[in-house]
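Q: Pick one part of this model and give it a really close look for me. I'd like to see how it pairs up and what sits against it, in one connected walk-through.

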Amino acid sequence: MTDPIADYLTRLRNAIKASHRIVEIPASNIKKEITKVLHEKGYIQNYKFEDNGPQGTIKIALKYNPTTKQNAIVSLERVSTPGLRKYAKHDALPRVINGLGIAIVSTSKGVMTDKEARVEGIGGEVLCYVY
């Protein structure tokens, strides 16, 4: 697999379109960190890391509105790819829908949102947009 983050986002996107409650994704450290950020910001309901086999899996419980049955995640968009990395300084970090969405950034202090990176004063690789 050449782009595990794109695979992670695609699995989430497909589960949302199929209205699944739970999605299982092969684990890696970067995927675990992205999952933690999505949970902290309220885009997913819950997650669980399982250590079965050599790689392990991430079980993610998706969050839906109980009345409209609409998912909390409207769009997942990959920004930086293995063929074209996108880096941004702290003052040039992108704002997703004027601050309503988040950009997940991989920095020297770990994976965090664009808002947290701006406060910390550090830039990094812009991984994806979520709104």
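A: Let's start where strand 2 and strand 3 meet: they pair antiparallel, over six bridges. For two strands to count as paired here, DSSP has to find at least two bridges between them. Helices and strands are themselves DSSP runs, numbered from the N terminus: H or I over at least four residues for a helix, E over at least two for a strand. Keep in mind that this is a predicted model, where local features need pLDDT of at least 70 and side-chain atom pairs count only at pLDDT 80 or more, while totals for chains, interfaces and linings use all residues. Residues are numbered from 1 along each chain as its sequence is written, and side-chain values use heavy atoms, with hydrogens and water left out.

Follow the pairing along and you find I44 opposite L62 in strand 3, and K48 facing K59 of that strand. The two strands make a hairpin with six residues between them, and G53 in the turn has a positive phi of about 80°.

Zoom out a bit and the pair belongs to an open sheet of three strands, ordered 1-3-2, with antiparallel pairing. Strand 1 and strand 2 (44-50) are the edges, each pairing on one side only. On average, neighbouring strands here are turned by 20° against each other, direction ignored.

Now for the rings on strand 2. Phe, Tyr and Trp rings (for Trp, the six-membered one) pair if their centres lie within 6.5 Å; planes under 30 degrees apart count as stacked, over 60 as edge-to-face, and the rest as tilted. By that rule there is one aromatic pair. It is formed by Y47 and F49, which are tilted: 5.1 Å centre to centre, with 45° between the planes. Both partners are partly exposed, Y47 with a relative accessible area of 25% and F49 with 29%. (Buried means under 20% relative accessible area, exposed over 50%, and partly exposed in between, using a 1.4 Å probe and protein chains only.) F49 has another visitor: the charged end of K32 sits over its ring, 5.4 Å from the centre. That label requires NZ of Lys or CZ of Arg within 6 Å of the ring centre and within 35 degrees of the ring normal.

What about the helices against this sheet? Helix 1 lies across strand 1 and strand 3, running at about 165° to strand 1. Helix 2 packs on the sheet too, touching strand 1, strand 2 and strand 3, and its direction makes about 155° with that of strand 2. The axes are lines fitted to C-alpha atoms, for helices over the stretch in contact, and the angles run from 0 to 180 degrees between N-to-C directions. Contact, for its part, means heavy atoms within 4.5 Å.

I25, in strand 1, shows the packing residue by residue. I25 is buried, at 0% relative accessibility. Skipping residues up to four places away in sequence, I25 touches Y8, R11, L12, K31, T57, I58 and I60. R11 is 14 residues away along the chain, yet the two C-alpha atoms are separated by 7.3 Å.

That takes us to the largest nonpolar core, where L12, L38, I60, I104 and V130, out of 26 residues, touch the most other members. A nonpolar core is a set of buried Ala, Val, Leu, Ile, Met, Phe, Trp, Tyr and Cys residues joined through side-chain atoms within 4.5 Å. The elements giving two or more residues to this core are helix 1 (4-17), strand 1 (22-26), helix 2 (29-40), strand 3 (57-62), strand 6 (102-107) and strand 8 (124-130). Helix 1 has the largest share, six residues. As for L38, its contacts are Y8, L12, Y43, I44, I104 and V130, again not counting residues up to four places away in sequence. So I44, the residue opposite L62, turns up there as well.

A second, separate core has eleven residues, including A88, L93, M112 and I122. M112 stands opposite V105, and is itself in strand 7. Four bridges join strand 6 to strand 7 (residues 110-113), running antiparallel, and the two form a hairpin with two residues between them. T113, in strand 7, is buried at 1% relative accessibility. Beyond its neighbours within four places in sequence, T113 is in contact with V37, K41, I102, A103 and V105.
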